[in-house]
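Please open the structure in your viewer and follow the stops below in order, selecting the residues as each is named.

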Amino acid sequence: MKNKNVIVGLFVVGGLALFTAGMFVIGDRRQAFSRHVEYYAEFVNLAGLTNGAKVRVAGMDAGQVLAIRVPDSPLSRFRVTLKVDEKLRGLVRTDSVATIGTEGVVGDTFLSVRAGSRYAPAAAPLGTLRSKEPMELSDLLDQGTGLLSDVDGTIKQLGGKIDGALTGVTATVSNVNDVVVGLKDGRGTAGMLLRDQALAGQIRQAMSNVNDVTVGLKDGRGAAGMLLRDEALARQIRQAVTHAETATSDLGHAAGQADKLISDLQKRQVPKKLDETIDKVKGAASNIEEGTRQLKQIIAEVAMPDGQGMSAGANIRESLANANVATANIAEDTEALKHNFLFRGFFRRRGYFNITRMSPEKYRRDRVFSSPRNYRAWLAGSELFQKAENGQEELSQQGKGMLNAALTQYGDTAVESPVVIEGYWGGDNPADQLAFSRNRAILVREYLQSHFQLEPGNLGIVSMRNLPPAELGHSKWDGICIVIPKLAL
Amino acid sequence: MEPGLTNLFEFAGIVSRFGARAVADLFRRPFEGGQIVRQIAEAGWNSLPLVVASGFALGAVMTLHTRSTLVTFGAASLIPTVQALAFFVEIGPLVTGLLVAGRVGSGIGAVLANMRATEQIDGIESLSIDSFKFLVVPGILACVVVLPLLTLFMDFSGLLGGFLSEHAASRISFHLYIVRAFSDFGWSNFIPPTMKTAVFGFVIGTVSSYFGFTTNKGAQGVGQAATNSVVVSSLLIILTDVILIKGIFFVFPEGAL
Amino acid sequence: MNDWSKAVIFDRVSKSFGPKQVLRDVSFQVVAGEALCVLGRSGTGKSVTLKLIISLLKPDQGRIWVEQDEITRLKPHELSRVRRKMGFLFQDAALFDSLTLYENLALPMLRLTEKSREETDFAVDKVLRQVGLAADKAKMPSELSGGMRKRAGLARALVLEPRILLADEPSSGLDRITASEIDELMLEQKATHKTTLIIVTHDVHGARRVGDRVAVFDGGNLIALGTAAEVAESENEVARRLVSEQ
Ligand SMILES: Nc1ncnc2c1ncn2[C@@H]1O[C@H](COP(=O)(O)OP(=O)(O)OP(=O)(O)O)[C@@H](O)[C@H]1O
Ligand SMILES: [Mg+2]
């Protein structure tokens, strides 16, 4: 009997020990037995984040999502309660940004909190952290291509002005384009490239360069928006251009400017998805050169008969052929996009840039639209419009002529760049001001669109009542102002 | 109603009452401590080699299989996670349940049937000992206690088997294997699946005791009781598992895979 | 009917298993302290009668008293009180084969009495010596011969010193010497403890020696009840032949 008791004791104690071991291992993963600080973060889109999902602070497992409060209307956002291990609390600052990420392509969704800067105060427990909306993978790919096209367009414009000083950069970017497009379109390419152990490393390196460019440019609201909206940036670019003009073939110098430019971009909030790649970047300019060199090297290696073995060579050759085809395609796309990229930035993008939803007050204060450097044609209402038989206003014959003249004055620019039509109404009644100024802008847009066959997306209207933006020489206006925002070059 | 269907419901009713009586008797004095210890030793300790060996082999084999699949997708680092999740959530509990149904269930069925055939149960009754409390309740209780413990042994030996086979293939360190194995673990992947086997234990104990205790066919009934115990309790384990899994998902929605 | 002087009363008891009627309207009384030997051909319901007395079986009809309790009306939990007055030797001994001989005997003592370990040991040793198994107490039942098992079963029936001993063929399968030792042991119990003996047997010598009265069953009926001499004179041919010593 005693013997039996010992056996049972052993068995039960052994089992309980395993149970405890399990509890501790899992508890450790869940940080159940350490002290925690709780924060909040809010999101419009949860991207699949669930209760109990991991929380990482600066890439380290730090806790889990405790609760998610569902918003009761589209106006509010999901409120996520997260707990963070006490030890990592020092990294969570008022400027830390919470994003939702995915582990790999098939992995779990987790909440990532970026370490804040050391000058920002530590975030208060139970405070709400800043957050950045998650990026879905498909969006990312789309944006990657779109942005590369933006970049391409921008750089081509730059390139024109600095007499080819940046051809190296452009070449890299188009190489980049090839690879990314290859990856995106011909799924096979990536697979094939990466299968080969020997080349995979080099190509990954090149890819990270690609990413650098992508990341740098996709930062924030998109390259075009950035370039146009940011005075400091615009100044830097202008400066780069001047420098390039004086030292026409000094690629190094231009690259130095680009470096500054991109590191400046880096300092701003970059989407979390691309953080890891951007971290690897030291100087974008040197990487671009390096990338070009490496791509050339790879191509050279592939071209060599016995470079890295038969199969690798064959694969790569095929990949490159794919890439070539893809490049041809993207060249077209890029061209199309280049004409369109501004409307992407201004009119189609939801939220901030959608000027149809922008209040006149905001529009007046907007640095892009109120910039004195924009082309503006002030057309008086009394000359443009006449009363129709039904009492409504319509464009007069004379007015149409004025509009034609105003638009052709800028040549082709008007065709490929966004055009904003500001409507004004001189009367005193605020309701009339709103209704009639808007009506005028709509009349003009319809005319311009049909007469010049302009892209609808390139035409924005805004009803300004009777107040133009400040410091443009008109304190009041009654009529129309056609604005072609000047690129920040 | 079909006679077969009526019989089925009658059987379900009788076995349920049998189980309910066991639960009620468990809390009545006198408590059969000695019998319980004896049964736990028999059902638990004696099943340990079987469970540990099966777990180990199963863990190793499963890793080999998942490995070839996951490597194709470039997800080799998921092997420990997949292996541990599969084991702790479903394979461990279910396989332990079936193994114990085979080993302990048939044992209980045969022993009780033999005692019935040789009048030992009457003998116990004639001594004013409640044979149900003395023989059936400890057996069921032992199964309930022993199954979660055996499941833990199964889970961890499976983990060890998985580790060794993965270590042989990729030289992964033990620590990394454990970290990865539990990286996606929630409480709901560990505690409810382990605890649900107590229900399996109750099913095995009740069904086997029922067949053994109620047979009256002499020696021939012994084999029959053993067979019925294994077949019916295995079947019921799988059925209860389905219900329990649904129940667990209902209570812990994040446990759903 | 509530007669203190009677140990067991059967009143018009019938028992069937399915279509087979085993006992038909059986009535008899066993006086406290007497020894009744039950004879009958194989399969006539002798063992069933004993099991009815200790309530392992329930009669279909009729009533059964054990001392002052009508056991046919007792609830299951009240039965154990009555059962404790009785010791039962099964035809096949029915020892628990998972326990040693000693544990088999100690089990009822430890569970049903307040006796200490030492007292239990003492009592078990004593009764084992009486049946001649003192040396075998550590053996498992499977290690005992058939006759040893029967003696062990008797020891278990006696260990609690019951007021009524129900023995199903205590001496079958035993040699003559051992059989008569067993008979002596039961007579000694009867003499010293005033134990009522109800013994099913095929051993006519033993029955005549031990039994104050003899009951004969046949075809589900109690065909004769009386002293051995009375039964030997009985009109019933089967009864006469069963009791005759030749
Ligand atoms: N549990 C049972 N189920 C069905 N039938 C039974 C049961 N117990 C006894 N019987 C039947 O009752 C009848 C009487 O059986 P019992 O054991 O009393 O015979 P017996 O007089 O003791 O015979 P023997 O001298 O051979 O031991 C038998 O025909 C037997 O088949
Ligand atoms: Mg018999």
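Begin in chain C with Arg209(C), which counts as partly exposed at 38% relative accessibility; keep in mind throughout that the model is predicted. Its salt-bridge partner is Glu184(C), and the closest N and O atoms of the two are 2.5 Å apart. Colour the two helices that carry them: because Glu184(C) lies in helix 6 (residues 176–193) of chain C and Arg209(C) in helix 7 (residues 204–210) of chain C, the pair ties together parts that are 25 residues apart in sequence. Glu184(C), like its partner, is partly exposed, with a relative accessible area of 42%.

Stay in chain C and select Lys15(C) with Asp60(C), a salt bridge whose closest N and O atoms are 4.0 Å apart. Lys15(C) belongs to strand 1 (residues 6–17) of chain C and Asp60(C) to the loop between helix 1 (46–53) and strand 4 (61–66) of chain C, so this pair joins parts 45 residues apart in sequence. Buried or partly exposed: what is Lys15(C)? Lys15(C) is buried, with a relative accessible area of 9%, whereas Asp60(C) counts as partly exposed at 42%. Then select Glu67(C), Asp69(C), Arg81(C), Lys85(C) and Arg163(C) together, since they are linked in a network of salt bridges.

The next stop is a metal site. Which protein atoms are the donors of the magnesium ion (ligand 2)? They are OG of Ser47(C) and OE1 of Gln91(C), lying 1.9 to 2.3 Å from the ion. Ser47(C) sits in helix 1 of chain C and Gln91(C) in the loop between strand 6 (86–89) and helix 3 (101–112) of chain C, so the two donors tie together parts that are 44 residues apart in sequence. Gln91(C) counts as partly exposed, at 31% relative accessibility.

Move to chain B and show Lys196(B) with Glu90(B), a salt bridge in which the closest N and O atoms are 3.2 Å apart. Distant parts of the chain are linked here, with Lys196(B) in helix 8 (residues 191–214) and Glu90(B) in helix 4 (residues 79–117) of chain B, 106 residues apart. Lys196(B) is buried at a relative accessible area of 5%, while Glu90(B) is partly exposed at 21%. Over all chains, a search of the whole structure finds 34 salt bridges.

Now display the largest nonpolar core, which has 72 residues, and within it highlight Phe11(A), Phe88(B), Leu159(B), Phe182(B) and Phe185(B), the members that touch the most others. Helix 6 (residues 131–170) of chain B gives the most to this core, with 18 residues. Centre on Phe11(A): leaving aside neighbours within four places in sequence, its contacts include Ile40(B), Trp45(B), Leu48(B), Leu149(B) and Phe153(B). A second, separate core has 43 residues, among them Met148(C), Ala157(C), Ile182(C) and Ala224(C).

Finish in chain A with an open sheet of four strands in the order 8-13-11-12, with mixed pairing. Strand 8 (375–380) and strand 12 (459–463) stand at the edges with a single partner strand each, so one side of each is left without a neighbour in the sheet. Inspect strand 11 (residues 419–423) and strand 13 (residues 479–484) of chain A, which run antiparallel and are joined by four bridges; Gly423(A) stands opposite Ile480(A) in strand 13. Helix 14 (residues 397–408) of chain A packs on the sheet, touching strand 8 and strand 13, and its direction makes about 170° with that of strand 8. Helix 16 (residues 430–452) of chain A also packs on the sheet, touching strand 11, strand 12 and strand 13, at about 165° to the direction of strand 12.

Notes
Residues are numbered from 1 along each chain as its sequence is written. Chains are lettered from A and ligands numbered from 1 in the order in which they are written. This is a predicted model: local features need pLDDT of at least 70, side-chain atom pairs count only at pLDDT 80 or more; totals for chains, interfaces and linings use all residues. Side-chain values use heavy atoms; hydrogens and water are left out. A nonpolar core is a set of buried Ala, Val, Leu, Ile, Met, Phe, Trp, Tyr and Cys residues joined through side-chain atoms within 4.5 Å. Buried means under 20% relative accessible area, exposed over 50%, partly exposed in between (1.4 Å probe, protein chains only). Contact means heavy atoms within 4.5 Å. A salt bridge is a side-chain nitrogen of Lys or Arg within 4 Å of a carboxyl oxygen of Asp or Glu. Donors are N, O and S atoms within 2.8 Å of the metal (3.2 Å for Na, K and Ca); water is not among the atoms, so sites may look incomplete. Two strands pair if DSSP finds at least two bridges between them. Axes are lines fitted to C-alpha atoms, for helices over the stretch in contact, and angles run from 0 to 180 degrees between N-to-C directions.
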